[in-house]
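Trainee: I should be grateful for a close look at the surroundings of one glutamine in a helix of this model. Please then carry the description outward to other residues and to the packing of the helices.

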Amino acid sequence: MKSYRNLFTSGARVPIRDVRYAQSDCGNDGFKLRVDAAGNCRIDYSNGRGKRYALREVEAMQGAAFVGRAEDFADFSRRGIVEGYYGKPYTDEDRKSLLDFMDAVRMNFYLYAPKDDPYHRAQWREPYPQAKQAELAALCRYASEREIDLCYAISVGLDMRYSSEDDLCALVAKLKAMEAVGFREFALLFDDIDPALNPADAAMFESPAKAQAATVEQVQKALGKSVLFCPTDYWQNDDTPYRAGIKAHLPTDTTVMWTGYNTVAEYIDKEDAARARQYFGHDLMLWDNYPVSDFMTERLFLGALRNRDADLYRTHSGMVMNPMEYPELSKFALYTAAQYMWNAATYDPDRAQSEAAAVLVPNAPAAALRLIEDNAACVMYDPPLHGDPIERERVYRKLRAALNPRLLDELKDYFNYATLECRAYRALQAGKDISNLLPKLRAAKIRTAPNRFDTLMSQTTSDYKPKQTREKYRVI
């Protein structure tokens, strides 16, 4: 039987004869199920999502429900994905696949913010082409049908002139155009920019924080709604003059995004979160840079979300995960993050990791789990250092046959490297020269985690640069 947050049952099961509904306060996207001995089922739900999730539970019972009652609801009110990495943006098919996945794992918020979408960042003033607008309109409808909120983010900080009426009008016009497309929520991002003001902007606003806050205020007034705000100091673990300025000048109803003590945070604890809440003086949303790999593109991050304090939902209204450029492979980590965001107190990363393998690769969960373990998040804990490339290749060969076409396509470069690595490892063990293989190994787009091949290479030749991993910091 499924583990609900609260469950009271006699253990008996009866056929469901009648289902009735009532809307009430059941927590974040929550629901309550009550079944009596006669098979009458009552569903209380907090909103459309709560009703959707409850019906899914009843359908899973296949007509025979437990006698008793159950209750379930989420810790974070907003749970989802931020498409915010540097690299090739997702296709329309990719995004729809992710929305289906989000619906299945009870995520409810998709933040559209691809750094390399030119109309989002580099050419933010320009309108989207008509074909792209039609595609995004269809995506908005697709998300709405699944009770998922789609938020459009725009990143103007590279070249916006805060004192320019023309730039403000261009920004508002762009957001209103996206509202006409179907987006109902918006975000203004000022991350990864040089915050220095030009003389005209400095004369009007005095500081970058005041200039950005004034822009947010004017946009909110024009749209008639609050927006999400990503600050320039989005990762520091201490107070700054900029953060003090945001606290003083940003509209009080604006939610601020941050990533933890670091851009890619090995841990995020409740003490750091409480300080960030104090420094910004606003509600927070956690932009979690996992499993994104744009800072280490040769690696895959497939392991479970780890080292996030169970109390983070008390200081954050929402949490979004920044995925890799590979949407299907990102689902392994996203599956685990969804469990954490729903009920952090009972979250078990090892169990969630195993479940992700079984759900996403049902025909080969053991082999899939090995793939995840070999590519666990090196930013969260040490990856394996002594894996056997020969045994690994044998496992991967079995896994290839069980993968769906989308996963197989995203893993082809990885599997090709693993095969090449195994070939080189065998040759080294036999005392053979592998100089002809080194250029291919170095040029690989995706590489495996450090293993016995790297150890043997470091002992054999100095003309080899092993894969680098980040320093492991603190683990909670």
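Mentor: Q212 is buried, because its relative accessible area is 0% and the cut-off for burial is under 20%. The model is a predicted one. Q212 belongs to helix α6, which spans residues 208-223. Once neighbours within four places in sequence are set aside, the contacts of Q212 are Y162, F190, I193, F229, T232 and Y242.

One residue of α7 may be taken next. Helix α7 covers residues 241-249 and includes G245. G245 counts as buried, since its relative accessibility is 12% and burial requires a value under 20%. Beyond its neighbours within four places in sequence, G245 is in contact with A209 and L250. From G245 to L111 the C-alpha distance is 26 Å, with their positions 134 residues apart in sequence.

The loop that leads to α7 deserves attention as well. Q236 sits in the loop between β10 (228-230) and α7. With a relative accessible area of 16%, Q236 is buried. Neighbours within four places in sequence aside, Q236 contacts R243, W258, G260 and Y261. The C-alpha atoms of Q236 and A276 are 8.7 Å apart, although 40 residues separate the two in sequence.

W258 and Y261 also appear in the surroundings of an acidic residue. D272 touches N237, W258, Y261 and Y267, when residues up to four places away in sequence are not counted. D272 is part of helix α8, residues 270-280. The relative accessibility of D272 is 3%, and D272 therefore counts as buried.

An exposed residue provides a contrast. E93 has a relative accessibility of 53% and so counts as exposed, the threshold being over 50%. E93 is located in helix α2, residues 92-104. Its C-alpha atom is separated from that of L139 by 9.6 Å, the two residues being 46 apart along the chain.

The nonpolar interior can be described next. The largest nonpolar core contains 113 residues, and F183 and V361 have the most contacts inside it. Helix α9, residues 327-342, supplies the largest share of this core, with nine residues. Another core, of 18 residues, lies apart from it and has I43, M61, V67 and A70 among its members. As for F183, its contacts are Y112, L136, C140, L150, C151, Y152 and M178, not counting residues up to four places away in sequence.

Helix α9 also packs against another helix. The axes of α9 and helix α13, residues 405-429, are 8 Å apart and form an angle of about 100°. That angle makes α9 roughly perpendicular to α13, because angles from 65 to 115 degrees are classed in this way. On the α9 side, P327, E328, L329 and F332 take part, and they meet R406, L407, E410 and L411 of α13. By class, the residues of the contact of α9 with α13 are five nonpolar, no polar and three charged.

Two further pairs of helices involve α11. Helix α10 (residues 349-360) packs with helix α11 (residues 365-374) at an angle of about 130°, and their axes are 8 Å apart. The arrangement of α10 is therefore oblique to α11. The crossing of α10 past α11 is right-handed. In this contact, Q353, S354, A357 and A358 of α10 meet P365, A368, L369, I372 and E373 of α11. The contact of α10 with α11 comprises six nonpolar, two polar and one charged residues.

The second pair joins α11 to helix α12, residues 389-400, at an angle of about 130° and with axes 9 Å apart. This makes α11 oblique to α12. Here the crossing is left-handed. The residues that make the contact are A367, A368, R370, L371 and D374 of α11, together with E391, R392, V395, Y396 and L399 of α12. They divide into six nonpolar, no polar and four charged residues. A368 of α11 thus has a place in the contact with α10 and in the contact with α12.

Terms used. Residues numbered from 1 in each chain as written. Predicted model: local features only at pLDDT ≥ 70, side-chain atom pairs only at ≥ 80, totals over all residues. Heavy atoms only, no water. Axes fitted to C-alpha atoms, helices over the stretch in contact; angles between N-to-C directions. Helix = DSSP H or I, 4+ residues; strand = E, 2+ residues; numbered from the N terminus. Parallel < 35°, antiparallel > 145°, perpendicular 65-115°, else oblique. Left-handed = near helix turned anticlockwise from the far one by under 90°. Contact = heavy atoms within 4.5 Å. Nonpolar A, V, L, I, M, F, W, Y, C, P; charged D, E, K, R; others polar. Core = buried A, V, L, I, M, F, W, Y, C linked by side-chain atoms within 4.5 Å. Buried < 20%, exposed > 50% of the residue type's maximum accessible area, 1.4 Å probe, protein only.
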